[in-house]
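Q: I'd like to go through this model with you, a piece at a time. Can we start with the enclosed space and then move on to the metal?

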Amino acid sequence: MPKFQPITKLKGTRDILPEDWPYWGYVYNVIEEVVLSAGIDRVDTPILEKNDLFVHTLSEEGEDFSKDFYSFDIGKISNDKKKKSDKTDGLTTLRPEITSGIIRMYIENNLSAFPKPISLYAIGKCFRNDNAQVGKYREFNQLSVEIIGAEDPLIDANLISLMWDIGQKLKIANLEAHINSVGCNECRPRIKKMLSEYFKKKQNKLCENCKKKIKKNPLGILSCKNDKCESVIAGSPLTIDNICEECKKHFTSVLEFLDEMGIAYNLSPNLVRDYDYYNRTVFDFTIGEKKQGFIGGGGRYDGLIERLGGEISPAVGFAVNLDLLAEYVKNNGIKIPKIKSKVNVFVIQLGEDAKKIAIKKTKEIRKLGISTGIAIGKDTIKAQLKSADKVNALFAVIIGQREAVTGTALVRDMRDGVQETVELEDLNHKVFNLVEERIKEEEAQVKRQRLK
Ligand SMILES: [Zn+2]
Ligand SMILES: [Zn+2]
């Protein structure tokens, strides 16, 4: 009997096992490639932020999302006297999304001084303490892309096309974009009033959750998936019929640019974002059927930077759940390239004398800048060769009992198994040249494939 019950992971979290990681790694690589080639710069912001940041960003006039935050007061939970007296930070929160942190960073570091638009992206973990349903996680990996400082509808269309490119690269067959406009500071109050009045008349037909939204957040009702509410929503006034002329012009241009770029989209008059900082263009991405297939979305948030204490600046962004993309790639049999191990050479030995030589040679080859692995154990040469294969080594250096006596080593090309005997004193030089040549060859091959 074990002494302890093994400790298990927290509800709503998950492990990504070795057999699954390649899918995640592949998705990350594709995303970085697409996003970087669009001229967007990588940033990172802390996973922990002050709770106030998210309260200001997400919950100002709309709903209170703070119930879903992982927040804690370090002063209260710590026994450390010094930390107890550190009251300046108030509540600390695990970020529920990345946009808020990027905007805080933008303001705090005065990035507005740089030429606009400023294009930034971050990839990282986010946390939401909501009811973890099947297939939904409280900890998830997100990509967040933000373009700050441009009002041009072309920027909105470009962002949608960026997600499109990611989808194409990942070979997602049925990626769909859904788009709507929710108006601006000028026209939104009018739209909200109109919707409030409409829903108030039909409130008996709405779910309890929606009833609470009638006064403050009637736009939020539009996204309710309750069957009861859907028929009421179907008859509600549409935001795009009621936005102002300026908003209409902006929205029409976004659609025209999308047409121009050959990107298919669905006009979704009931599409709204949960967070109330969005204005004008909002969009969602789904894989296939709308309800189940949501993978991410975004929109314009021209007022958020000012709301967080920065100077007025238009901005637009989107976030996408990377776990859902990785799962899609895994579950749909999409071929991913073998993750390349960093080990180029694998040293294999048998016998005490050979082991000493092998350790010395491994160190020497590493010093030349060639990544080199070694198996130290009592395994047979065959088992060690398997290890070399597992790490995708380009070449194996085999030093057996006979080689140790004759002062030689076998160099084996792991691609075709061809071996040659090399004097130990020439080994480093020989291996260095072989690896250099092979890497060049592989790079050229990758280039050729890209040009195809
Ligand atoms: Zn407007
Ligand atoms: Zn409802």
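Q: How many cavities of 30 Å³ or more does the count come to?
A: Bearing in mind that this is a predicted model, the count comes to one cavity of 30 Å³ or more.

Q: And how much space lies in the largest cavity?
A: About 110 Å³ of space lies in the largest cavity.

Q: Which residues are the closest to its centre?
A: The lining has 13 residues, and the closest to the centre of the cavity are Arg 188, Asn 217, Leu 219, Arg 273 and Asp 276. As for the elements, those that give two or more residues to this lining are α7 (188-201) and α9 (218-221).

Q: What does the lining look like by class?
A: Sorted by class, the lining of the largest cavity holds six charged, five nonpolar and two polar residues.

Q: Which domains does the lining draw on?
A: The lining takes at least three residues from domain 1 (21-184 + 262-331), and at least three from domain 2 (188-242) as well.

Q: OK, on to the metal: which protein donors does the zinc ion (ligand 2) have?
A: The zinc ion (ligand 2) has as its protein donors the SG atoms of Cys 207, Cys 210, Cys 224 and Cys 229, which lie 2.2 to 2.3 Å from the ion. Along the chain, these donors follow the spacing C-x2-C-x13-C-x4-C.

Q: Why is the arrangement tetrahedral?
A: The arrangement around the zinc ion (ligand 2) is tetrahedral because the four donor atoms subtend angles of 101 to 117 degrees, and four donors count as tetrahedral if all angles lie between 85 and 135 degrees.

Q: Are Cys 207 and Cys 210 buried or exposed?
A: Both Cys 207 and Cys 210 are buried.

Terms used
Residues are numbered from 1 along each chain as its sequence is written. Chains are lettered from A and ligands numbered from 1 in the order in which they are written. This is a predicted model: local features need pLDDT of at least 70, side-chain atom pairs count only at pLDDT 80 or more; totals for chains, interfaces and linings use all residues. Side-chain values use heavy atoms; hydrogens and water are left out. On a 1 Å grid over the protein atoms alone, a cavity is a set of points where a 1.4 Å probe fits but cannot get out, and a pocket is an open set with protein on both sides within 12 Å along at least five of seven lines; lining residues have an atom within 4 Å of a point. Grid points are joined across faces, edges and corners, and a volume is the space filled by probe spheres set on the points. Helices (H or I, at least four residues) and strands (E, at least two) are DSSP runs, numbered from the N terminus. Ala, Val, Leu, Ile, Met, Phe, Trp, Tyr, Cys and Pro count as nonpolar, Asp, Glu, Lys and Arg as charged, and the others, Gly among them, as polar. Domain bounds come from an automatic or database domain assignment. Donors are N, O and S atoms within 2.8 Å of the metal (3.2 Å for Na, K and Ca); water is not among the atoms, so sites may look incomplete. Four donors count as tetrahedral if all angles lie between 85 and 135 degrees; four count as square planar and six as octahedral if opposite donors are over 155 degrees apart and all others between 65 and 115; anything else is irregular. Buried means under 20% relative accessible area, exposed over 50%, partly exposed in between (1.4 Å probe, protein chains only).
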